[in-house]
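Reader: I'm new to this one and I'd like to know what stands behind the labels people put on it. Could you walk me through them?

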Amino acid sequence: MADPISKTLIAFALLASLLLCSHASSDVPFIVAHKKASLNRLKSGAERVSVSIDIYNQGTSTAYDVSLTDDSWPSDTFEVVTGTTSKSWERLDAGGILSHTFELEAKSKELFAGEPAVIKFRVPTKAALQEAYSTPILPLDLLADRPPEKKFEWRLLAKYGSLISVVSIVVLFVYLVASPSKSSTKGSKKKR
């Protein structure tokens, strides 16, 4: 049988090797990507989709040769207006963030559900490219019939605002002058 000291040394050696292995495997980039899209209706009736993708490195080491590809926008439904649907960067440091935006114009009326964007990157300790996916977007109701928005008419306030102010001041003045104050009525009762 092994003595208590040797059992302790074996347990310590096993614990130390587990800690070293876990530390070595955690020294990698951890990519998290958030994709969001918003609809913007133009006065001409056309509808634009603004897409932004933020890529975060939550790991403990740098990711190299980072590339973003977002091919979930079919050309028969969308036309790229500004930017591109793919982008590359040399590196993304630990704790860093990269952002990419582009704008599309919708060609047809439909409910569209896009797929996540694909992010590929290289880790120095591994030969193969690593892959990460962005969050998906909520379905977009393209060129949907929307009721007109009721907006506050600022021009009416500008046109009649001064008139409203003058009337308010006159009403306040008449109220203050015409209503007897409590202190003046109490003082007149004491003098009698």
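Author: Happy to. Let's start with pairing: two strands pair if DSSP finds at least two bridges between them. Keep in mind that this is a predicted model.

Reader: What makes β2 and β6 a pair, then?

Author: The call needs at least two bridges, and β2 and β6 have 9 bridges, in the antiparallel sense. So they pair by the rule. One spot to look at is Val49, which stands opposite Leu104 in β6.

Reader: Which sheet are those strands part of?

Author: An open sheet of 4 strands, in the order β1-β2-β6-β4, with antiparallel pairing.

Reader: Why are β1 and β4 called edge strands?

Author: Because β1 (31-41) and β4 (78-82) each have a single partner strand, one side of each is left without a neighbour in the sheet. From one strand to the next, the twist in this sheet averages 30 degrees.

Reader: How many helices and strands are there in the protein?

Author: There are 3 helices and 10 strands. Along the sequence the pattern reads α-β-β-β-β-β-β-β-β-β-β-α-α.

Reader: What is the strand order in the sheet that holds β3?

Author: That open sheet has 4 strands in the order β5-β3-β8-β9, with antiparallel pairing. Its edge strands are β5 (86-92) and β9 (130-133), each pairing on one side only. The twist here averages 20 degrees from one strand to the next.

Reader: How do you know that β3 pairs with β5 and with β8?

Author: Count the bridges against the cut-off of at least two. Strand β3 (residues 63-69) is joined to β5 by 6 bridges, and 4 bridges join β3 to strand β8 (residues 118-122). Both counts meet the rule, so both are pairs. Ser67 shows the two sides nicely: Ser67 stands opposite Ser88 in β5 and opposite Lys120 in β8. Elsewhere, Ala63 has Leu92 in β5 as its bridge partner.

Reader: Why is Thr62 called buried?

Author: Buried means under 20% relative accessible area. Thr62 comes in at 14%, so it counts as buried. You'll find Thr62 in the loop between β2 (47-57) and β3.

Reader: What makes the link between Thr62 and Asp93 a polar contact?

Author: Part of the test is distance: the N or O atoms must be within 3.5 Å. The side chains of Thr62 and Asp93 are joined at 3.2 Å, so the distance fits.

Reader: Is Gly95 buried or exposed?

Author: Exposed takes over 50%, and Gly95 has 66%, so exposed is the word. Gly95 lies in the loop between β5 and β6 (97-106). Its C-alpha is 5.4 Å from that of Gln58, although the two are 37 residues apart in sequence.

Reader: What share of the protein's residues counts as buried?

Author: Of the 192 residues, 25%.

Reader: What makes Arg41 and Glu47 a salt bridge?

Author: The general idea is that side chains of opposite charge can pair when their charged atoms come close. The cut-off is within 4 Å from nitrogen to carboxyl oxygen. Arg41 and Glu47 meet at 3.6 Å, N to O, so the pair qualifies. Arg41 is partly exposed at 40%, whereas Glu47 is buried at 1%.

Reader: How many salt bridges does that rule give?

Author: The count comes to 8 salt bridges. One of them is Arg122 with Asp65, at 2.8 Å, N to O. That pair links distant parts of the chain, with Arg122 in strand β8 and Asp65 in strand β3, 57 residues apart.

Reader: Why are Arg122 and Asp65 called partly exposed?

Author: Partly exposed is the range between the 20% and 50% cut-offs. Arg122 has 32% and Asp65 has 40%, so both fall in that range.

Reader: How do you know that Lys120 and Glu131 form a salt bridge?

Author: Their closest N and O atoms are 3.7 Å apart, and the rule asks for within 4 Å, so they make it. Lys120 lies in strand β8 and Glu131 in strand β9, so the pair ties together parts 11 residues apart in sequence.

Key: Residues are numbered from 1 along each chain as its sequence is written. This is a predicted model: local features need pLDDT of at least 70, side-chain atom pairs count only at pLDDT 80 or more; totals for chains, interfaces and linings use all residues. Side-chain values use heavy atoms; hydrogens and water are left out. Axes are lines fitted to C-alpha atoms, for helices over the stretch in contact, and angles run from 0 to 180 degrees between N-to-C directions. Buried means under 20% relative accessible area, exposed over 50%, partly exposed in between (1.4 Å probe, protein chains only). A polar contact is a pair of N or O atoms within 3.5 Å; within protein, one must be able to donate a hydrogen and the other to accept it, and residues adjacent in sequence count only if both atoms are side-chain atoms. A salt bridge is a side-chain nitrogen of Lys or Arg within 4 Å of a carboxyl oxygen of Asp or Glu.
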